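Visitor: I would like a close look at one helix and at what lies around it. Please take it slowly and keep to what the model shows.

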Amino acid sequence: MKGRRSRARIALGVLVAATAGATACAAPVAPVPAIPPTTAPGAAPGGPAVVRFTATPPGPAPAVVALSWQVTGPAGASLTCSLDTDGDGADDLTFACADVGGRNATVAAPASYTARLTVSDGARTATATTTVTVTPPTLAVETFDVAIRQQTSLTPSVQAAFDAAAQRWGSILARGVPAAAVNIGAGACGAANGAINETVDDLTIDVWVGPIDGVGNVLGQAGPCAVGSQDGLPRFGVMQFDQADLADLEAGGQLGDVILHEMGHVLGFGTRWSAKGVLTGAGGADPRFVGARAMAEYSALGRGGPVPVEADGGYGTADAHWSEAVFNNELMTGYLDPGSNPLSRLSLASMADLGYQVDLGRGTAYTLPGTAALAAARAAAAADPTPQPEVVPLEPVTVARQR
Ligand SMILES: [Zn+2]
């Protein structure tokens, strides 16, 4: 059990690549501004009220639209919310609600309609509406393609893990990004990459697996190396791993999870948060992810407000993962857990907040751990003093120019 735990506690730190170079050419995206509801919040005196009800700004189809709200009610009252997400006049969801919350609506085709939120305390109700606008697609619909360039020979099982991760992310990201010209010299991305001088559509990753320092300590490095000048999304990145650690992870049945996790960092999870303006409190004791779509999924999990981000683990782990103390075995926390590590709708929604078109239906079922599960996880971690391998952050990224 201890041995399994030592593997399980491998730190999946990253390359925080939100560098000055990347930021200079990739216009940062401001946090989603609050949009006033199209109708004045309704309220009966002394009863429940809708303080705020908004939808994310117009975007191209297919879109994940976050409906966000704040409600109030009489002290001690149990509030129930009903939501018409598609504007057909009928409520689609009814659930317990309190204070702030949200839900995501996937809108496949261009549309403009009125969504409606009703809050009830059992005796009185209040209603507010907001306009959902989804514009025509800006690009012909194409799939999101991840190309792997092997810089060293890979064992069949390792190669299969990379291919599976590329296919999974390619199915999650519902549409490609514009092609971009990438011109980077060999070794310019943390010494693991080959030269690249070509148009990339949508993402190319150089993979290097070789001896670094044996089992433990350094696991490798992974992250984006070039981002689009218009959308700030990665077009080229590197995944470099110690072969001894990959063999150890494979023996423990966790190779696929680690590769999927690290590829998420290459795509921007944790590595483009600051550049995209979706991270608050970085470097502090309580960093939070403030993208509207991820917050809506956090609300659907039964909580509300900005999503807790890891504050511990140092550079590469802190500010770049979901909080282990809150999300435990979710794949994009900073630590791999024994058993399953689901890649949830929360993580997928965070990619939509970065600017990707995402199919939230590709998320793996996930629920927040209960108090007992969290206590057990903390006890197991405390009982395992084995040093954890770490991922070393990449050096500054180079920026791609779009054609
Ligand atoms: Zn990580």
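Guide: In α7, the buried residues are Ala292, Arg293, Ala294, Met295, Ala296, Glu297, Tyr298 and Ser299. The model is a predicted one, and the positions discussed here are computed from it. Eight of the nine residues of α7 are buried, so the helix is largely enclosed by the rest of the structure. The enclosing elements can be named: the buried residues of α7 pack against β3, β6, β16, β17 and α9. Just after the helix, Gly302 takes a positive phi of about 110°.

Two of those packing partners, β16 and β17, belong to one sheet. This sheet is open, has three strands in the order β15-β16-β17, and pairs in the antiparallel sense. The edge positions are held by β15 (279–280) and β17 (307–308), each with a single partner strand, so one side of each has no neighbour in the sheet. Between β15 and β16 (residues 288–289) the antiparallel pairing runs over two bridges. One of the residue pairs there is Leu279 with Phe289, the latter in β16.

The helix partner, α9 (345–354), is also covered: 10 of its 10 residues are buried. They are Arg345, Leu346, Ser347, Leu348, Ala349, Ser350, Met351, Ala352, Asp353 and Leu354. What covers the buried residues of α9 includes β3 (63–72), β6 (100–107), α3 (156–172), α6 (273–276), β16 and α7 (292–300). Thus α7 appears among the elements covering α9, and α9 appears among those that α7 packs against.

The two ends of α9 lead into loops. On the side before α9, Asn341 sits in the loop that joins α8 (324–327) to α9. Asn341 has 25 C-beta neighbours inside 10 Å and therefore counts as buried, the cut-off being 20 or more. Setting aside neighbours within four places in sequence, Asn341 is in contact with Asp257, Asn329, Leu331 and Leu336. For Leu331, which is 10 residues from Asn341 along the chain, the C-alpha separation is 4.7 Å.

On the side after α9, Gly355 takes a positive phi of about 125°. Gly355 lies in the loop between α9 and α10 (371–382). With 18 other C-beta atoms within 10 Å, Gly355 is partly exposed. Its contacts, not counting residues up to four places away in sequence, are Asp231 and Leu233. Gly355 and Lys276 are 79 residues apart in sequence, while their C-alpha atoms are 8.9 Å apart in space.

One residue of α9, Ala349, also leads to the nonpolar core. The largest nonpolar core has 94 residues, and those with the most contacts inside it are Val65, Ala349 and Val358. Domain 1 (2–28 + 140–402) and domain 2 (49–135) both give residues to this core, so the core lies between them. Val65, leaving aside neighbours within four places in sequence, is in contact with Ala55, Thr56, Asn104, Ala105, Val107, Val132 and Val134.

One of these contacts, Val132, leads to another sheet. Val132 lies in β8, where it stands opposite Tyr113. The pairing of β7 (residues 111–120) with β8 (residues 125–135) is antiparallel and covers 10 bridges. Both strands belong to an open sheet of five strands in the order β2-β8-β7-β4-β5, with mixed pairing. At its edges stand β2 (59–60) and β5 (93–97), each with a single partner strand, so one side of each is left without a neighbour in the sheet.

As for the wider setting, the protein has 10 helices and 19 strands. Of its 403 residues, 49% count as buried. Among contacts between residues at least 6 apart in sequence, 70% join residues at least 24 apart.

Technical notes:
Residues are numbered from 1 along each chain as its sequence is written. This is a predicted model: local features need pLDDT of at least 70, side-chain atom pairs count only at pLDDT 80 or more; totals for chains, interfaces and linings use all residues. Helices (H or I, at least four residues) and strands (E, at least two) are DSSP runs, numbered from the N terminus. A residue is buried if 20 or more other C-beta atoms lie within 10 Å of its own, exposed if 12 or fewer, and partly exposed in between; C-beta atoms are placed from the backbone. Two residues are in contact if their C-beta atoms, placed from the backbone, lie within 7 Å. Two strands pair if DSSP finds at least two bridges between them. A nonpolar core is a set of buried Ala, Val, Leu, Ile, Met, Phe, Trp, Tyr and Cys residues joined through C-beta atoms within 7 Å. Domain bounds come from an automatic or database domain assignment.
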